[in-house]
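Open your viewer and keep the selection tool handy. We will walk through a few stops together, one selection at a time.

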Amino acid sequence: MNKIFIKMWLISLIIITLTAALVLFGTRSAGKLASARKTETHMDILRQSERELILRAQLYGINEAMSYVQTLDPLIQEQFYIYNNNNDEIMSTFKAKKPFWIVQNRKTISNHNNEFYDRWGNYFRLEIEDVLNMPIWFSLSYSGYALRTFISLFISAIAAYFLAYQMCNSILAIAATVREVKNGNMFAKISGTFMENKDEVGQLAHSINHMIESIRDMRSNEQQLLSDVAHDLRSPLARQKLALNFISKKEVQFNPLKLNEFIERAEIENERLNDLISEVLIYLRAENSNTSISLSPISLNQILSEVIEDAAFEAHPQNKVIHCNLQEDIIILGIYPKLIRAFENVVRNAVFHTPMNTTITINIDNSDSHIVRIDIIDQGDGVPENKVHLLTRPFFRSDSSRGTVNGGYGLGLPICQAIINEHLGSLAIANIDPHGLKVSISLNKKK
């Protein structure tokens with residue numbers, strides 16, 4: 001049996017037993033108080049009935065006296081006890097039998113024994129006692145003490161068992177699930193009827209389930225990231241290795257033109273590897289930034305002006321235009337270099353996917369007093385609806401055939417998402433009609 005179950009069982013047993021003892025003590029005290037409050041009228045009835053009983057016994061015999069007692073009120077009747085010359089109580093045969101769990105708490109209230117003789121000279125003794133019928137475990141007397149104690153402990157033990165079982169069942173289920181997760185089963189989940197409860201244990205179980213799901217997602221994302229990095233590293237490494245193999249051949253070494261060509265190819269692939277590693281490091285730093293950053297007041301117009309100027313220079317050869325409705329200067333909270341990087345990734349991505357002779361639109365919504373929203377809209381083909389939510393996943397490309405030459409590494413939007421989250425903002429992506437993609441970035445204003 002589990003140690004925690006035993007401990008909780010014993011604690012529950014002690015609590016219930018002490019509670020029962022207090023109830024018994026209170027019942028005993030209440031019984032004594034009630035007994036002390038007998039009215040004088042009740043005592044007068046007892047005395048009058050006593051005289052009538054003795055008189056009938058002397059005139060008609062003891063049987064007539066006992067018949068008279070049976071006509072009295074049951075509460076009065078139970079207070080009469082008649083003993084013969086052998087000191088045997090003879091009234092009990094005329095009284096109703098009580099169950100075995102009922103005992104009588106008897107207290108003599110007569111200050112003398114009424115001894116008398118019946119019509120035929122037989123000796124009898126009459127006692128009047130205060131009788132209180134109660135269940136044996138609530139009895140005011142010490143009769144049946146062992147039985148009362150045993151019954152109380154037995155009931156307490158059963159109640160404590162079920163109480164401890166109810167409390168431990170949920171804890172043991174949580175512990176078992178945590179052990180499964182520790183052993184590598186990331187699909188383990190806490191279940192049970194206690195999950196429907198709104199108490200602290202139920203809330204703890206739900207929190208642990210959410211934590212397991214988060215850990216599973218993080219682990220899956222890490223594995224996906226490693227797989228994507230390995231995949232993107234493999235292609236430039238293979239081309240670099242091929243170029244180096246050609247350089248080592250004699251016919252190439254004696255041909256300056258071919259030698260320069262393969263050396264240049266090796267340098268290009270080396271730059272691509274360096275760019276990829278830099279992008280991955282930037283993403284990881286932004287994604288894993290757990291420390292709180294110090295945000296400073298920044299001009300949003302200054303950030304957008306710088307980003308638009310650089311992007312327009314790249315877009316000009318293809319006659320692509322960037323239009324922005326710059327309004328009054330808006331002061332936001334953030335880190336200038338990081339926000340430049342975030343907006344640059346989104347705007348350059350829009351420039352890349354917008355066809356020639358079209359416009360990239362940047363709208364600023366300043367209607368909210370606390371948040372400013374910036375919408376970057378291109379006129380490209382958009383993304384299939386079932387893939388929109390994947391755009392912020394590292395190394396995801398909506399066109400699986402697109403390589404790094406014409407599509408980048410698939411880290412621009414994930415880096416932007418991580419930076420915006422770090423600034424306590426939000427990023428939303430949606431297709432627009434009739435075609436195009438809209439990326440909305442929301443940031444906090446300076447208060």
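Which residue stands opposite Leu 437 in S11? Select Asn 431 to find the partner of Leu 437. Bear in mind as you look around that this is a predicted model.

Next, colour S10 (residues 426-431) and S11 (residues 437-444). These strands run antiparallel and are joined by six bridges. They form a hairpin with five residues between them, and in the turn Gly 436 has a positive phi of about 120°.

Now add S9 (371-377). Seven bridges join S9 to S11, again in an antiparallel arrangement, and Ile 377 stands opposite Lys 438 of S11. Six of the eight residues of S11 are buried, so this strand is largely enclosed by the rest of the structure.

Stay on S11 and pick Ile 441. Beyond its neighbours within four places in sequence, the contacts of Ile 441 include Phe 343, Val 372, Ile 376, Cys 416 and Leu 427. Ile 441 is also among the residues with the most contacts inside the largest nonpolar core, which has 47 residues; Leu 300, Ile 332, Phe 343 and Ile 376 are the others. H10 gives the most to this core, with eight residues. Apart from it lies another core of 19 residues, among them Ile 54 and Tyr 68.

For the last stop, select H9, residues 300-315. Its buried residues include Leu 300, Ile 303, Leu 304 and Val 307. Looking down the axis of H9, you will find the buried residues within an arc of 150°, so they line one face of the helix. They pack against H10 and several strands, including S5 and S9. On the face turned away, look for the exposed Glu 309 and Phe 313.

Note on methods. Residues numbered from 1 in each chain as written. Predicted model: local features only at pLDDT ≥ 70, side-chain atom pairs only at ≥ 80, totals over all residues. Heavy atoms only, no water. Helix = DSSP H or I, 4+ residues; strand = E, 2+ residues; numbered from the N terminus. Expected span 1.5 Å × (residues − 1). Buried < 20%, exposed > 50% of the residue type's maximum accessible area, 1.4 Å probe, protein only. Arc of directions from axis to C-beta. Contact = heavy atoms within 4.5 Å. Core = buried A, V, L, I, M, F, W, Y, C linked by side-chain atoms within 4.5 Å. Pairing = 2+ DSSP bridges.
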